[in-house]
Amino acid sequence: QVQLVESGGGLVQAGGSLSLSCAASGRPISSYVMGWFRQAPGKEREFVGRIPCTGCGGITYYADSVEGRFTISKDNAKNTVSLQMDSLRPEDTAVYYCAADAPPLGSYDYWGQGIQVTVSS
């Protein structure tokens with residue numbers, strides 16, 4: 001079992017930056033694909049980006065809506081994954097979730113509780 005806890009959310013003005021962190025406990029996440037998702041009010045949850053498992057040879061990729069503005073990184077020593085969000089827009093307002101895809105890979109098995117990010121115009 002893996003427990004995921006997000007932190008770092010809050011209120012920011014449009015054009016600003018915010019960094020989210022996801023702390024994992026229970027098992028090391030180095031062999032996991034870690035993803036970020038978000039859900040805005042009245043909308044379905046959507047994919048934000050993902051970072052591959054360490055040594056798996058994959059690439060980090062993002063949804064078109066955040067490409068070039070958001071950056072995902074992983075610190076295996078701290079067992080954390082981060083989401084750096086720059087040039088934020090009001091449409092980025094949502095509850096953000098981190099998720100872990102454990103081997104055998106193919107679906108996100110563990111989810112955090114989510115954290116609110118609000119971007120004011």
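This is a short chat about the fold, core and surface of a predicted model.

Student: How many helices and strands are there in the protein?
Tutor: The model is predicted, and it has 0 helices and 11 strands. From the N terminus on, the order is simply β-β-β-β-β-β-β-β-β-β-β.

Student: OK, and what's the radius of gyration?
Tutor: For the protein it's 14 Å, close to the 14 Å the globule rule gives for 121 residues, so the protein is as compact as a globular protein of that length. Along the principal axes, the C-alpha atoms fill a box of roughly 40 × 25 × 25 Å.

Student: Let's go inside. Which residues touch the most other members of the largest nonpolar core?
Tutor: L4, W36, L83, M85 and Y96, out of 32 residues in that core.

Student: And which strands each supply at least two residues of this core?
Tutor: β3 (18–25), β4 (33–39), β5 (46–51), β7 (70–75), β8 (80–85), β9 (94–101) and β11 (115–120).

Student: What does L4 touch?
Tutor: Leaving out residues up to four places away in sequence, the contacts of L4 include C22, M34, C98, Y110 and W111.

Student: What share of contacts join residues at least 24 apart?
Tutor: 53%, among contacts between residues at least 6 apart in sequence.

Student: Switching to burial and surface: what percentage of residues count as buried, and how much area does the protein expose?
Tutor: Of the 121 residues, 44% count as buried. The protein exposes about 6,100 Å², with carbon and sulfur atoms supplying 49% of that.

Student: Last one, charges: how many positive and negative side chains?
Tutor: There are 9 positive and 11 negative side chains, and the centres of the two sets lie 3 Å apart.

Conventions:
Residues are numbered from 1 along each chain as its sequence is written. This is a predicted model: local features need pLDDT of at least 70, side-chain atom pairs count only at pLDDT 80 or more; totals for chains, interfaces and linings use all residues. Side-chain values use heavy atoms; hydrogens and water are left out. A nonpolar core is a set of buried Ala, Val, Leu, Ile, Met, Phe, Trp, Tyr and Cys residues joined through side-chain atoms within 4.5 Å. Buried means under 20% relative accessible area, exposed over 50%, partly exposed in between (1.4 Å probe, protein chains only). Helices (H or I, at least four residues) and strands (E, at least two) are DSSP runs, numbered from the N terminus. Contact means heavy atoms within 4.5 Å. The radius of gyration is taken over C-alpha atoms; the globule rule is 2.2 Å times the number of residues to the power 0.38. Accessible areas come from the Shrake-Rupley method with a 1.4 Å probe; for residues, only the protein chains shown count as cover. Lys and Arg count as positive and Asp and Glu as negative; His and the chain ends are not counted. The place of a charge is taken as NZ of Lys, CZ of Arg, CG of Asp or CD of Glu.
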